[in-house]
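User: I would like to go through this model with you and hear the reasoning behind the terms used for it.

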Protein chains: 2
Amino acid sequence: MQIKSSIKDIAKRANVSVSTVSRVLNNSKYVSEDLKRRVLSVVEETGFKPNMVARGLVNKKTSLIGVLIPRISNNFFSKLIEGIEEVLQTYGYNILLSTSYNEIEKELEYLNIFEDRQLDGIIFSVTEFTDQHKNFFGETVVPTVFLGQKVETLKKYPYVTIDNIKAAYEATRYLIKQKHKRIAIMAGPEKDCATGDNRLQGYLEALKEAGLPLYTSWQTRRYHTIDDGYYAASQIMSQSEKPTAIFACSDQQALGAINYLREHGYRVPEDISVMGFDDVDLATVFRPKLTTVKQNPVDMGATAARLLIDQIHGNSLTALENLVPYRLVVRESTKSL
Amino acid sequence: MQIKSSIKDIAKRANVSVSTVSRVLNNSKYVSEDLKRRVLSVVEETGFKPNMVARGLVNKKTSLIGVLIPRISNNFFSKLIEGIEEVLQTYGYNILLSTSYNEIEKELEYLNIFEDRQLDGIIFSVTEFTDQHKNFFGETVVPTVFLGQKVETLKKYPYVTIDNIKAAYEATRYLIKQKHKRIAIMAGPEKDCATGDNRLQGYLEALKEAGLPLYTSWQTRRYHTIDDGYYAASQIMSQSEKPTAIFACSDQQALGAINYLREHGYRVPEDISVMGFDDVDLATVFRPKLTTVKQNPVDMGATAARLLIDQIHGNSLTALENLVPYRLVVRESTKSL
DNA sequence: AACTTTCAAGAAAACGTTTTCCTGTGAATT
DNA sequence: AATTCACAGGAAAACGTTTTCTTGAAAGTT
């Protein structure tokens with residue numbers, strides 16, 4: 001028990017060959033009940049456990065999936081992980097978790113580590129899809145699923161996301177229907193291209209369509225953290241012309257914004273409406289309850305994992321684009337003028 | 001590029017032996033500048049990357065650390081991970097993430113997987129330390145650090161936590177100083193032994209010392225989720241005699257409780273004070289801002305990771321118990337009677 | 001000039017498995 | 001009775017590395 005025993009030791013103790021032990025362990029054919037019992041009893045009494053690394057070497061599979069996300073302390077991403085883990089686990093895969101903090105060099109570093117480690121697959125929540133990324137995924141042959149945004153540059157791997165343009169468009173439309181004419185947006189960072197850009201685009205489309213003014217000073221591009229939301233709100237509200245509604249592209253930012261607004265004498269939603277995005281756990285606990293675009297990150301993660309398993313199993317992929325549903329949830333942080 | 005090349009191919013192309021290639025790759029001595037250049041250029045042009053699995057097999061190290069926590073979507077644990085990853089990364093280790101959802105069988109299952117996979121170390125946020133756990137850690141020899149609670153049954157591995165008894169004692173003391181005489185507690189589940197029990201113990205000590213009544217109907221034991229907090233509050237408030245203060249052993253539960261209270265016509269803190277534990281991100285965003293016992297999970301994670309690295313490097317451990325600081329942060333959810 | 005020592009580099013063993021290739025049974029078919 | 005055949009099980013190759021062993025040459029010592 002103490003000392004690490006190998007299949008050879010088991011073979012010796014059971015008086016059989018290594019091949020036989022291996023066959024017993026893998027339930028292969030061509031081994032008699034007699035020897036099987038003998039081997040099994042030795043395995044039992046020594047508490048022998050096969051070395052997965054050695055196994056991995058010959059089988060050319062590690063049963064490890066690399067999951068790369070911007071940050072884990074963001075509720076959206078941790079829920080994503082929950083969904084991913086749930087399905088991967090049932091297929092006997094484990095997760096190698098890495099976080100990029102939105103830094104592209106880190107992303108590339110981790111992707112290379114994933115490759116070095118011979119991981120069986122990658123689930124990647126992209127920050128910005130650069131040429132370097134394209135290179136990596138062009139040369140490499142690891143099954144991959146992109147998560148959270150469209151990755152059009154590569155035709156070989158699927159992605160799962162919501163229709164961000166449409167969702168943002170609808171959210172903005174809702175504010176417009178509520179008679180808001182001066183609507184600001186707190187979008188994701190420019191780096192985080194697709195998502196940030198798409199939601200901004202949806203917002204702009206809605207405004208344009210309604211013939212409303214679009215001031216760039218009412219558009220911020222910051223990270224999805226409470227602090228950044230706070231800061232973005234301070235920027236927007238420092239303009240001489242102030243909006244009556246803010247569309248925050250994440251609940252985190254919405255929360256930070258509301259925090260700022262209240263500390264500076266604005267009431268939400270009486271003075272200013274705030275719309276969020278994501279519907280994180282606290283959106284309903286917070287007061288006012290957050291009006292927001294609900295995503296289902298657990299489902300998204302699970303979907304991504306399933307798509308990955310499909311690839312690993314060699315099934316031909318059904319669709320590159322996998323859009324999952326979202327839903328506008330009206331609660332208390334927005335109000336008709 | 002396309003086809004996976006091995007060190008052998010490189011050797012052939014560079015007209016040297018495998019050993020030489022390996023030596024070049026590992027920067028070992030005894031290889032001339034001439035051959036070195038030749039090998040390096042072949043490596044360059046083929047984009048060769050050594051197979052970490054094969055390396056792991058001979059080096060008997062995987063550079064992988066198993067991290068086992070109850071759930072990742074809890075902000076406390078995800079911050080823990082942030083701290084862990086930060087230091088592990090600088091030492092070239094990656095994280096294999098697993099979540100137990102407080103299920104003991106799952107914990108044991110994952111621990112066994114960790115062992116099978118030859119992980120170099122384990123960071124384990126225990127739910128309940130059972131005999132089976134004891135067995136596992138008795139027989140196994142993997143460097144380990146326990147996180148979040150005292151694990152006294154094993155003298156060989158360190159743990160990092162805060163002094164939960166004292167922290168809960170002080171939190172309760174604070175409420176008592178605020179003239180509260182009827183104080184309820186929402187503790188962690190019974191399963192989650194040390195933490196839940198310890199905080200309950202600190203609470204009881206403070207009450208006893210002050211000669212205050214302790215009703216078991218004012219003590220709940222539930223998971224640290226918003227929903228469980230909501231439910232626990234409903235239980236406590238359904239008693240005929242109602243408390244004037246609730247000490248929730250997690251911010252999550254505190255939030256759920258406040259939610260319940262407000263929905264049922266109680267004002268916080270005017271009618272009932274609510275004290276939290278953890279100081280998660282939203283504790284300051286939420287209104288009323290949460291009075292809470294601040295922990296620093298990022299630091300805790302980093303500390304645990306460092307202790308693990310120490311073990312792996314074979315340094316003798318300095319102390320079994322590693323207590324990290326905590327701090328009572330008074331904000332708006334509590335009020336003097 | 002003879003003898004160590006140091007360095008360079010290839011051959012081969014090792015890491016712990018799985019799998020292919022053999023060989024030897026005994027049973028089934030002719 | 002001769003021939004095939006399915007099965008059991010051992011020996012050995014393979015997976016892709018690192019490391020030990022060896023040999024040979026060049027340099028340093030007496």
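**Helix H3 of chain B and DNA strand C**

Analyst: In this predicted model, the buried residues of H3(B) are B:Val39, B:Val42, B:Val43 and B:Thr46, where buried means under 20% relative accessible area. They cover an arc of only 100° around the axis, and therefore lie on the same side of H3(B).

User: Which exposed residues does the face of H3(B) turned away from its buried side carry, and what covers the buried residues?

Analyst: That face carries the exposed residues B:Glu33, B:Arg37 and B:Glu44, exposed being the word for over 50% relative accessible area. The cover over the buried residues of H3(B) includes helix H1 (7-14) and helix H2 (18-25) of chain B.

User: How do you know that the span of helix H3 (residues 33-46) of chain B agrees with its 14 residues?

Analyst: At 1.5 Å a residue, H3(B) should span 20 Å, and because its end C-alpha atoms are 20 Å apart, the two values agree.

User: What makes the approach of A:Arg55 and of B:Thr20 to DNA strand C a polar contact?

Analyst: A polar contact is a pair of N or O atoms within 3.5 Å. A polar side-chain atom of A:Arg55 lies 2.7 Å from a phosphate oxygen of the strand, and for B:Thr20 the corresponding distance to a phosphate oxygen is 2.5 Å, so both pairs meet the cut-off of 3.5 Å.

User: Which helix supplies the largest share of the surface near DNA strand C?

Analyst: H4(A) does, with five residues.

Conventions: Residues numbered from 1 in each chain as written. Chains lettered and ligands numbered in written order. Predicted model: local features only at pLDDT ≥ 70, side-chain atom pairs only at ≥ 80, totals over all residues. Heavy atoms only, no water. Helix = DSSP H or I, 4+ residues; strand = E, 2+ residues; numbered from the N terminus. Expected span 1.5 Å × (residues − 1). Buried < 20%, exposed > 50% of the residue type's maximum accessible area, 1.4 Å probe, protein only. Arc of directions from axis to C-beta. Contact = heavy atoms within 4.5 Å. Polar contact = N/O pair within 3.5 Å; in protein donor to acceptor, adjacent residues only side chain to side chain.
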